[in-house]
Amino acid sequence: VIGLTYAEHLVNTSQNAKEVVADLPSPDAFVMTGAPVQRYAGRWWYLQGRLQPDRAAMALRESARCFRAAGCLNASKAVARRLHRLL
């Protein structure tokens, strides 16, 4: 999670974020399930949407779904608004 927070900071301040995100584990790598994993997946997909403009719509849709599954309705709505602006 610390690496994810660092990558989120880098997305807003520098171009090194892609390298940091590439080192982060994919949400599929976790064997546990539950809200913490879903929140991690939501944040991971959100970063993918920010870093890969050609896949942004798919990544933001997945991020909103993960946040909803984790019970983070405000985060899900915020991501959905960003997705609608993108479309």
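# A tour of a five-helix chain

From the N terminus on, the elements of the protein chain run α-α-α-α-α. That makes 5 helices and 0 strands. The radius of gyration is 12 Å, close to the 12 Å that the globule rule gives for 87 residues, so the chain is as compact as a globular protein of that length. What is on screen is a predicted model.

**Whole chain**

Start with the full chain selected. Along its principal axes the C-alpha trace spans about 35 × 30 × 20 Å. Switch on the surface: the accessible area comes to about 5,600 Å², and 55% of this belongs to carbon and sulfur atoms. Of the 87 residues, 34% count as buried. Among contacts between residues at least 6 apart in sequence, 46% join residues at least 24 apart. Next, colour by charge. The chain carries 12 positive and 6 negative charges, and the mean positions of these two sets are 12 Å apart.

**Helix α1: Ala 7**

Select residues 2–13, which form helix α1, and pick out Ala 7 within them. Is Ala 7 buried or exposed? Its relative accessibility is 0%, so Ala 7 counts as buried. Show what surrounds this residue. Leaving out residues up to four places away in sequence, Ala 7 touches Ala 17, Val 20, Val 21, Leu 24 and Leu 47. For a distance across the model, draw a line from the C-alpha of Ala 7 to that of Ala 64: the two are 19 Å apart in space and 57 residues apart in sequence.

**Helix α3: Val 37 and Gln 48**

Move to helix α3, residues 35–51, and select Val 37. With a relative accessibility of 11%, Val 37 counts as buried, because the cut-off is under 20%. Apart from neighbours within four places in sequence, Val 37 is in contact with Phe 30 and Met 32. A line between the C-alpha atoms of Val 37 and Ala 80 covers 20 Å; along the chain these residues are 43 apart.

Stay in helix α3 and select Gln 48. At 10% relative accessibility, Gln 48 also counts as buried. Which residues does Gln 48 contact, leaving aside its neighbours within four places in sequence? They are Val 21 and Ala 59. Val 21 was met earlier, among the residues that touch Ala 7.

**Helix α4: Arg 65**

Helix α4 takes in residues 56–70, and Arg 65 is found there. Arg 65 is partly exposed, with a relative accessible area of 37%. Draw a line from the C-alpha of Arg 65 to the C-alpha of Asn 16: the separation is 27 Å, for residues 49 apart along the chain.

**Helix α5: Ser 76**

Finish at helix α5, residues 73–86, and select Ser 76. Its relative accessibility is 4%, so Ser 76 counts as buried. Show the side chains here. What does the side chain of Ser 76 make with the side chain of Arg 68? The pair forms a polar contact, at 3.3 Å. Not counting residues up to four places away in sequence, Ser 76 touches Ala 64, Phe 67 and Arg 68. Ala 64 also served as the far end of the line drawn from Ala 7.

Terms used: Residues are numbered from 1 along each chain as its sequence is written. This is a predicted model: local features need pLDDT of at least 70, side-chain atom pairs count only at pLDDT 80 or more; totals for chains, interfaces and linings use all residues. Side-chain values use heavy atoms; hydrogens and water are left out. Helices (H or I, at least four residues) and strands (E, at least two) are DSSP runs, numbered from the N terminus. The radius of gyration is taken over C-alpha atoms; the globule rule is 2.2 Å times the number of residues to the power 0.38. Buried means under 20% relative accessible area, exposed over 50%, partly exposed in between (1.4 Å probe, protein chains only). Contact means heavy atoms within 4.5 Å. Accessible areas come from the Shrake-Rupley method with a 1.4 Å probe; for residues, only the protein chains shown count as cover. Lys and Arg count as positive and Asp and Glu as negative; His and the chain ends are not counted. The place of a charge is taken as NZ of Lys, CZ of Arg, CG of Asp or CD of Glu. A polar contact is a pair of N or O atoms within 3.5 Å; within protein, one must be able to donate a hydrogen and the other to accept it, and residues adjacent in sequence count only if both atoms are side-chain atoms.
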